[in-house]
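Keep the sequence and the 3D view side by side while reading. The paragraphs below go from strands to helices and then to single residues.

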Amino acid sequence: MTLSESGNGGPVRLDGPWTHRDVAANGARFHIAEMGDGPLVLLLHGFPQFWWTWRHQLPVLAEAGFRAVAMDLRGVGGSDRTPRGYDPANLALDVTGVIRSLGEPDAALVGHDLGGYLAWTAAVMRPKLVRRLVVSSMPHPRRWRSAMLSDFAQSRAGSHVWGFQRPWLPERRLVADDAALVGELLRDWSGARYGADQETVDTYRRAMLVPSTAHCSIEPYRWMVRSLARPDGIQFNRRMKRPVRVPTLHLHGSQDPVMRTRSAAGSGEYVEAPYRWRLFDGLGHFPHEEDPAAFSAELVNWLKDPEPDR
């Protein structure tokens, strides 16, 4: 059997203690995996992953008394692959639309990497729908823009984003040799103490091989760069000046080679609410997978804290 062949419910709807279903929001269909009852915690994955990246946190959150839902972003996993709609404003409306479709008044958003970028955005655009905000491995969008343009070390660390601007070639590289590059990125971007096992790597490779996933995964990053000097990008950056007014937990790995600590730190200047910064020593770009126990404990303790302090 090759990696592109699937079993156990396919490369996306992986078995576990969670339930799979689809919900409609913002003109598209989104796949979710959910567990538990209680206040909604909506988990947003990054690149090059899909909902399964939260497999460790789903049962922990459910056990802690939350309704834990991990969604596949537009164009990834089991969600619709639409021809357009990959700008952050529209992707954030996907997120808030899913909250409404789940029948909830609001959610605590937990976002990693690109999912973190969208969580920041949703908290600014639809503040009434975001109860709390947790972001991992991603600075505030204005901080990201500034670091990528003015900090050579960060620009070099995020070189994959610049490489994504080429037409077609990045997609072809992502799926070549059964998506071997996905495995390389997972290992290269992790901290020195963490090495993804082959089964985990193969799971992410299979998900990337679903037709059109590679292209759709790259499109948000193309917008983030190509819009820098365009009216829509300038308008988005101006819109993100509005402060985040919900309690925010910002998590980061000290050995993250993709998003430097100095780039992520300082995002609190955009938060007019309790803001907590937590640096995980020795972890890389995927702290929720590299040390899921420590990450989950930090997450649950903060979510259950009635008065998170600054």
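Which residue in β4 is the bridge partner of Glu34? In this predicted model, the partner is Val69. Glu34 falls within strand β2, which covers residues 28-35 and is joined to β4 by 4 bridges. The two strands, β2 and β4, run antiparallel.

Strand β4 also pairs with strand β3, residues 40-44, and here the sense is parallel, over 5 bridges. Within that pairing, Leu43 has Ala70 of β4 as its bridge partner. Between β3 and β4 the chain passes through helix α1, residues 57-63, and the resulting β-α-β crossover is right-handed.

Is β4 enclosed or open to the outside? Of the 5 residues in this strand, residues 67-71, 5 are buried, so β4 is largely enclosed by the rest of the structure. In a regular strand, side chains alternate between the two faces of the sheet. Along β4, Arg67, Val69 and Met71 point one way, while Ala68 and Ala70 point the other way. Both sets are buried, Arg67 included.

The loop between β3 and α1 holds Pro48. The peptide bond that joins Phe47 to Pro48 is cis, with omega at about 5°. Most peptide bonds are trans, and most residues other than glycine have a negative phi. Two further loops hold residues to set against the second part of that rule. Trp168, in the loop between α6 (159-163) and α7 (169-188), is not a glycine, yet its phi is positive, about 65°. Ser212, in the loop between α8 (198-208) and α9 (213-226), likewise has a positive phi, about 75°, without being a glycine. As for accessibility, Trp168 has a relative accessible area of 54% and is therefore exposed, the cut-off being over 50%. Ser212, at 46% relative accessibility, counts as partly exposed.

Now turn to a pair of helices. How do α2 and α3 lie against each other? Helix α2 (residues 88-101) and helix α3 (residues 114-125) pack at an angle of about 80°, and their axes are 9 Å apart. An angle of 65 to 115 degrees counts as roughly perpendicular, and α2 and α3 are therefore roughly perpendicular to each other. On the α2 side, the residues that meet α3 are Pro88, Ala89, Leu91, Ala92, Leu93 and Thr96. On the α3 side they are Tyr117, Leu118, Thr121, Ala122 and Met125. Sorted by class, this contact has 9 nonpolar residues, 2 polar residues and no charged ones.

Helix α8 contains Thr200. Its relative accessible area is 7%, so Thr200 is buried, as is any residue under 20%. Which residues does Thr200 touch, leaving aside neighbours within four places in sequence? The contacts of Thr200 are Trp52, Arg55 and Glu289.

The last stop is Pro11, in the segment before β1 (19-25). With a relative accessible area of 18%, Pro11 is under the 20% cut-off and so counts as buried. From Pro11 to Arg143 there are 132 residues in sequence, and the C-alpha to C-alpha distance between these two residues is 35 Å.

Definitions and conventions: Residues numbered from 1 in each chain as written. Predicted model: local features only at pLDDT ≥ 70, side-chain atom pairs only at ≥ 80, totals over all residues. Heavy atoms only, no water. Axes fitted to C-alpha atoms, helices over the stretch in contact; angles between N-to-C directions. Parallel < 35°, antiparallel > 145°, perpendicular 65-115°, else oblique. Contact = heavy atoms within 4.5 Å. Nonpolar A, V, L, I, M, F, W, Y, C, P; charged D, E, K, R; others polar. Buried < 20%, exposed > 50% of the residue type's maximum accessible area, 1.4 Å probe, protein only. Pairing = 2+ DSSP bridges. Right-handed = clockwise from strand over helix to strand, strands pointing away.
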